[in-house]
Amino acid sequence: MRWLWIDAFVAFESGRRASAVKNITLGEDYLADHFPGYPVFPPSLMIEGMAQTAGILVGEARGFRENVILAKIRRAEIEAYAYPGDQVRYDAQLDSLDERAGVTSGTLWKNGGQVGRVDLIFSHVNQAESPLDLPEHNFVFSGSFVSLLQSFQAAGGSTDGEFHGR
Amino acid sequence: MAPSHDAVFLKVREVLSDALGVEQEDVSPDATLQGDLGAESIDFLDIVFRLEKAFAIKIPKGELFPDEILNNPAYVDGDRMTTAGLETLKAAMPHADFADFEKAPFVAKVPDLFTVRTIVNYVEGKLQAAAA
């Protein structure tokens, strides 16, 4: 199973910005423990959802050539809980991008109201340059992340030109 | 015209405070980024991006933090930098103060070269070159 914390892209503008949504359902296992009798979507998973939205934005901008690794959480301010039945939306903007890294800033929304900000830095990791023993294939954008974007395109979204809603 | 030394310092102080999550008063000219301000490796990349934005400059890879020299085993002999390594590093980092380091160029002391003043000197050099 892939650790997927966004359900779908709702907008994607290549190299500029992306929006994705996550619908929180009571059937998700972790909500039984977080917290028993009081299910709350963990704020840490909001950061992960933003990281996936922004990470795909960064990866797509360079044709998914590199592995894109979350390197630093520059800022994370989350001002409200989200509960089963809520929809969380992640709006990510690509602030800068080069061969070393991508920098994004983002806003978090719950049912249409802004509830936070998450700014991130992603490193580009090339297998040939890395001192780490990484697999030869692109282990970040191997399947389900890319298919999320393909689903968006299949639903009529475009990754170039104007900011498209779904 | 390039901004004054004080103006550059104040902006660098703000950048480092934001990037490293430290109080601005702790960002003194002699403070070392790693030892005094707690910078980790990824923070250097964050600092580069923030400086580029704050001063509208472009910082090529390895110019402010020449990690390719620092990570080159050919420039290390035991726990010290070789003479060639030291000269290469000095040439690559005219913005750093080597007075103490070159007396005993221990590899473990390399992080002490990266002080707040080193960053200010580097930015001033970039801005002066751009204004010339």
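**Exercise 1.** State how much area is buried between domain 1 of chain B and domain 2 of chain B.

*Solution.* First, fix the parts: an automatic or database domain assignment divides chain B into domain 1 (1-58 + 114-132) and domain 2 (66-111). Next, take the area: about 560 Å² is buried between domain 1 and domain 2 of chain B, and carbon and sulfur atoms give 67% of it. Buried area is the accessible area (1.4 Å probe) that two parts lose on being put together, summed over both. The model is predicted: local features need pLDDT of at least 70, side-chain atom pairs count only at pLDDT 80 or more, and totals for chains, interfaces and linings use all residues. Residues are numbered from 1 along each chain as its sequence is written, chains are lettered from A in the order in which they are written, and side-chain values use heavy atoms, without hydrogens and water.

**Exercise 2.** Describe the contacts and salt bridges between domain 1 and domain 2 of chain B.

*Solution.* Begin with contacts (heavy atoms within 4.5 Å): five residues of domain 1 of chain B touch seven residues of domain 2 of chain B. Then apply the salt-bridge rule (a side-chain nitrogen of Lys or Arg within 4 Å of a carboxyl oxygen of Asp or Glu); zero are found across this interface. Finally, the centres of the two domains of chain B, taken over C-alpha atoms, lie 21 Å apart.
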